[in-house]
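Me: I am new to this structure and would like to know what its labels rest on. Could you take me through them?

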Amino acid sequence: MSAELSRRTILNAGIATAAVGALAVHSGRPAVAAPVVTESNVTPEGTIRNLPDSFYERPGLEGMPRIDYASMPVANVRAHGAVGDGIANDRAAFDAAVAALGAAGGVVYVPAGRYRFAPPTAPTLDYWFKKISNIHFVGDGEVSMICFERFSMTVPGTPGGGNGWELTAADSSIRSLAFQWSPHVAIRHTNSSTALLMRAPQRVQLIDVMADQGQPSIWLPDCVDSWIVDSTVRNSGADAFHFENATNSVLAYNYVENCLDDAYANIPETRRPAATTQHGVRITHNTAVRVAGGRGVCFGGTQPVIEHNWIESSVAAAIYAIPQTDAGDPATIPRGTITEAVIADNDIVRSGFDNRVDNIGLNRTTGGYCGTLVVVDAVDRMTIARNRISDSEYRDITFGQDHYKGITASSITLSGNELRSSLDTSVNAVTTVNSPPVSIAGLTIEGNTIIGGELPTVMLDGAIKDVTSSANVVRRPPRRTSQATGDLTGYRIGDQETTTDVYRSIRLAGNEHTWQEPAAIDLRGLRHVNVRAYGAQGNGVHNDLPAFVAAARSLPRSGGVIDIPAGTYRLQPDAQNESFRDTRIRHHLALADRPNIHLRGTGSSSRLVMTSAEHDGIRFLGIDGGSVSRLHIELEARPAMRRNRALIDISGCDGFVVSELEVTGGSGPGVRVDSSRSVLVEKVTSTNAGTDGIAILASRQVHVRDNHVANARDNGIDVSTNGTIYRDAQQIRVEHNEVIGSIEGAGIGVSGGTAITVSGNTISDTCLAGIHLHGRMGWGLFGIKDVDVTGNTLTRTNSGAGTYTPGAIAVHSIREGLGQSDGVVNITGNQVTDTPWAAIWVGGKSPVSERMSELNTVRIQQNSYQAVGGQQVLITDEQRAKIANLVIA
């Protein structure tokens, strides 16, 4: 390239209103996707390829400024000293590449590699701070990765945290780059570890940016005329994409999965003057799956548009309209108003699990969100139209939050919405005891289909006047009190609906108070089908998926056995069979909606090779009495970043056995038991899992025994309350397993549940603690109630450079703020050998969190210790004060 550096050109600047179009109702199909880029972003001539016209021609991207990358000079970070091996500190090379472009700017090209930014020297917290203008970072996708490692712990409680890249930017972009933190942290209230922070950016674009971990992941406070498009965040410790006081900015076609706070947020921070200018933000055509600790979309401001988004399995409200921040003392926060808002054409499936009564934190009786689409505080003109909401855990649409916030609003229109199968009232505007008042002047309810709810379809009770209604189809008549005035005659009773939610019986199940061993599977009398008879070749080359699908479809409704003889069966997903209703999670093969389905091989000679890291391997959905056994299952090529896709997924099932499997190299868990009951996982060998070796999520009566787990990226075995649904995990036994090695996690992790037993396991060579009991979500959501850790053998734990758990057995950040009336941890009869820190640590403060554990009873008895680098039992005085009954013997 010439040494002369030309200024970049942006064409067709401006923000335009997105086109309106409807997604298929709960089809689970992806939104319109960006063109797949299969070549490097660099041409043979050394210039950067421009994005194609088809990128900009999608609905919602009208008016997006076009960046002329091809005309810009290019500085390759490799030419300026970057090594990209994940070991060398490449920060200086990035500084040099930016400096080489000079004031005129250009492209900093980041070819394939792992570019490590070493932890900064205190008191600096930024791994890289830069003020840039007319600078465009371009990589080649996931293979171009920016890596941050957490501060090393020097003494227990060493503070940590910091921002990865912190940029002050104007007229700049980041395209096709990946950001990743390590080691893994699955705790909401941790110290900041932002992947990408851009303060007050102006005219900035993030395109095809990927982030794994981060707290929050991508944060653009006070942004103006900025765009985030086609970007992906997984496993964020807080918000995934966080605007704040944004103006004329757009979030479009992004994907979020498993974040521990909001997926997409544009929250007015009214304590700062910039909040008064917040307007014109569009959040459109995005996807959020498993929002584990917050809201799907949270927004305020003037003329916001929230449209065409898919939100699935949000623990709190899927859409939350709030005109000012809810962080801090409400009495001291200046009030705002949401004005001229549009919430339209969104699909929302299974949300509002914080309202469950088995949630030990905020729930419907103590101040949860109380609905799926929730509007609070001051609102002036809002349209809620053509949204499709199904299977809400509590209410569908609610104005005001019980026990927390009311609403003062004018001119709200509910039009053309489809509300189905909620477990309470579908539309609720009620002032309740101990709740702030609900006041609405002008409420129009027209053309809605409201078939669901066990109470009156619409309930109005408060200072609600000038109500009009027409052409609504409902399951039950509406109800109002004398305070609500206007016309409520525009309703007719429609047909009753049959739910299609495979998780409904699991959601409605009561608490499990006693242990019940999962029943054995009896295959006698069942019909057998052989995949070879339906065209499977088993030669490792041919796509055998159609034969597997045909074999499954041939079984009667009463079920049967699919036999897989010796061979190597390559399964390649196809668009006709990769989706299941009401979910954006895709699969290679799904077996669903019938009892007694069994998939059985001959042992390790029956090999299934999955070809896509973006798809679950085999999903068993809503099956009562099923099994999978005697198979070897692997992913053809494991990606550098987590995808959270399991090789075997047991979801919404009751009565299932997973036995004698070899699973290796997935992009997520080897085996995942999700939102199920009465499941046995035994004699499984799980190696090189992309996340957890075996994951037990939101399930009950599960026995995990006699398994071998090696070199999982995260926890060897994980027990959590975060699944497709969110509920208290109950009656889980993890016994007599062998866990060898974890790359970034613990041997066995438990982050919630009642009657959890971890007993007789052998654990060695883990990055974090051998056994890690910890809080996961904020506000006490579905935390730990009681756990027994008994008779385990732990050797060489906490061996990772970035470990933040100073104990071979670590009890960390559990239940703070919930009081000491509940919470029992028993640690008895364990043997700890060769750990650099304490044998047993109960805490609190660590490099990733300053939260204490607030518990009723902790018993530490009859454990043995050898070659322990720190104290045998480490509990600070501050932590001891938060345990009502502490026994050490």
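Me: Which residues of helix α4 (residues 545-553) are buried?

Reply: Happy to help! This is a predicted model, where local features need pLDDT of at least 70, side-chain atom pairs count only at pLDDT 80 or more, and totals for chains, interfaces and linings use all residues. Residues are numbered from 1 along each chain as its sequence is written, and side-chain values use heavy atoms, with hydrogens and water left out. In α4, Leu545, Ala547, Phe548, Val549, Ala551 and Ala552 are buried. The elements that cover them include β44 (528-530), β45 (539-543) and β50 (606-610). Helices (H or I, at least four residues) and strands (E, at least two) are DSSP runs, numbered from the N terminus.

Me: Why is Pro73 called buried?

Reply: Buried means under 20% relative accessible area, exposed over 50%, and partly exposed in between, with a 1.4 Å probe and protein chains only. Pro73 has 4% relative accessibility, so Pro73 counts as buried. Pro73 sits in the loop between β2 (66-67) and β3 (74-76).

Me: How do you know that the buried residues of α2 line one face of the helix?

Reply: Those residues of α2 (residues 91-101) are Ala93, Phe94, Ala97, Val98 and Leu101. Seen down the axis, they fall within an arc of 135 degrees, so they line one face; the arc is that of the directions from the helix axis to the C-beta atoms. Exposed Ala92 and Ala99 are on the face turned away from the buried side.

Me: What makes a space in the structure count as a cavity?

Reply: On a 1 Å grid over the protein atoms alone, a cavity is a set of points where a 1.4 Å probe fits but cannot get out. Grid points are joined across faces, edges and corners, and a volume is the space filled by probe spheres set on the points. By that rule the structure holds five cavities of 30 Å³ or more, and the largest has a volume of about 430 Å³. Lining residues have an atom within 4 Å of a point; of the 33 that line the largest cavity, the closest to its centre are Asn235, Asn258, Asp692, Asp718 and Arg776.

Me: How do you know how confident the predictor is?

Reply: pLDDT is the predictor's confidence in each residue, from 0 to 100. The chain has a mean pLDDT of 90, and 93% of its residues reach 70 or more. Over residues 1-37, however, pLDDT stays under 50.

Notes
Contact means heavy atoms within 4.5 Å. On a 1 Å grid over the protein atoms alone, a cavity is a set of points where a 1.4 Å probe fits but cannot get out, and a pocket is an open set with protein on both sides within 12 Å along at least five of seven lines; lining residues have an atom within 4 Å of a point.
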